[in-house]
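Okay, thanks for making room for me this morning. Let me put the structure up on the screen, and then I'll walk you through it.

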Amino acid sequence: ALRNTKLLADYSAIDPRVRILVLVVKYWAKCRKINEPYTGTLSSYAYVLMVIQYLQTREPPILPCLQQLIDPNQEKVLIQ
């Protein structure tokens, strides 16, 4: 959960429009009652991931894929 929160904060820091778009999509889903996973719909987090994926696949991309920017030789940090 901490890593996901950090990842979302990093994407929001890259472009402030990300946070605004995420809030709009989450509000839209809540108004239509389609953000309740216990009733068979998607979670708010799923909508956030879809927004990020959409912004990464635009031409040109609005957001980079941060996971692809990680140096494979960098020592991994364990968060407990």
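So, the big picture: the protein chain has 3 helices and 0 strands. Keep in mind that this is a predicted model. If you read along the sequence, the pattern is simply α-α-α. How much of the protein chain is buried? Of the 80 residues, 19% are buried.

Let's talk about how the helices sit against each other. Take H2 and H3: their axes are 9 Å apart, and the packing angle is about 135°. Is that parallel, perpendicular or something else? An angle of 65 to 115 degrees would count as roughly perpendicular, and one over 145 as roughly antiparallel. So H2 and H3 come out as oblique to each other. As for the handedness, H2 passes H3 in a right-handed crossing.

Now the other pair, H1 and H3. Here the axes are 12 Å apart and the angle is about 40°. To be called roughly parallel, a pair has to have an angle under 35 degrees, so H1 and H3 are oblique to each other too. This crossing, of H1 and H3, is left-handed.

Okay, on to the charged side chains. How many salt bridges are there? The count comes to 2.

One of them is inside helix H1, which covers residues 2-14. There, Asp10 pairs up with Lys6, and their closest N and O atoms are 2.7 Å apart. Why can those two reach each other along the helix? Well, Asp10 and Lys6 are 4 residues apart, so about one helical turn separates them. Asp10 itself is partly exposed, at a relative accessible area of 26%.

The other salt bridge joins Arg17 to Asp15, with 2.6 Å between the closest N and O atoms. Have a look at the two partners here. Is Asp15 buried or exposed? With 10% relative accessibility, Asp15 counts as buried, because the cut-off for buried is under 20%. Arg17, on the other hand, is exposed, with a relative accessible area of 54%.

Let's move along to helix H2, residues 17-31, where you'll find Ile20. Which residues does Ile20 team up with on the surface? Ile20, Leu21 and Val24 make a nonpolar patch there, and together they have about 260 Å² of accessible area. Ile20 is at 55% relative accessibility, so it counts as exposed; the line for that is drawn at over 50%.

Two backbone details before I stop. In the loop between H2 and H3 there's Lys33. What's unusual to spot in its backbone is phi: for Lys33 phi is near 55°, so we have a positive value in a residue that isn't glycine. Lys33 is exposed as well, with 59% relative accessible area.

And then go past helix H3, which is 44-56, into the segment after it, and you'll come to Pro60. Which kind of peptide bond joins Glu59 and Pro60? That one is cis, with omega at about 5°.

That's my tour, so go ahead and rotate the model yourselves.

Key:
Residues numbered from 1 in each chain as written. Predicted model: local features only at pLDDT ≥ 70, side-chain atom pairs only at ≥ 80, totals over all residues. Heavy atoms only, no water. Patch = residues over 30% accessible without salt bridge, like charges linked within 9 Å, V, L, I, M, F, W, Y side chains within 5 Å. Areas by Shrake-Rupley, 256 points an atom, 1.4 Å probe, with all protein chains shown as cover. Salt bridge = Lys/Arg side-chain N within 4 Å of Asp/Glu carboxyl O. Buried < 20%, exposed > 50% of the residue type's maximum accessible area, 1.4 Å probe, protein only. Axes fitted to C-alpha atoms, helices over the stretch in contact; angles between N-to-C directions. Left-handed = near helix turned anticlockwise from the far one by under 90°.
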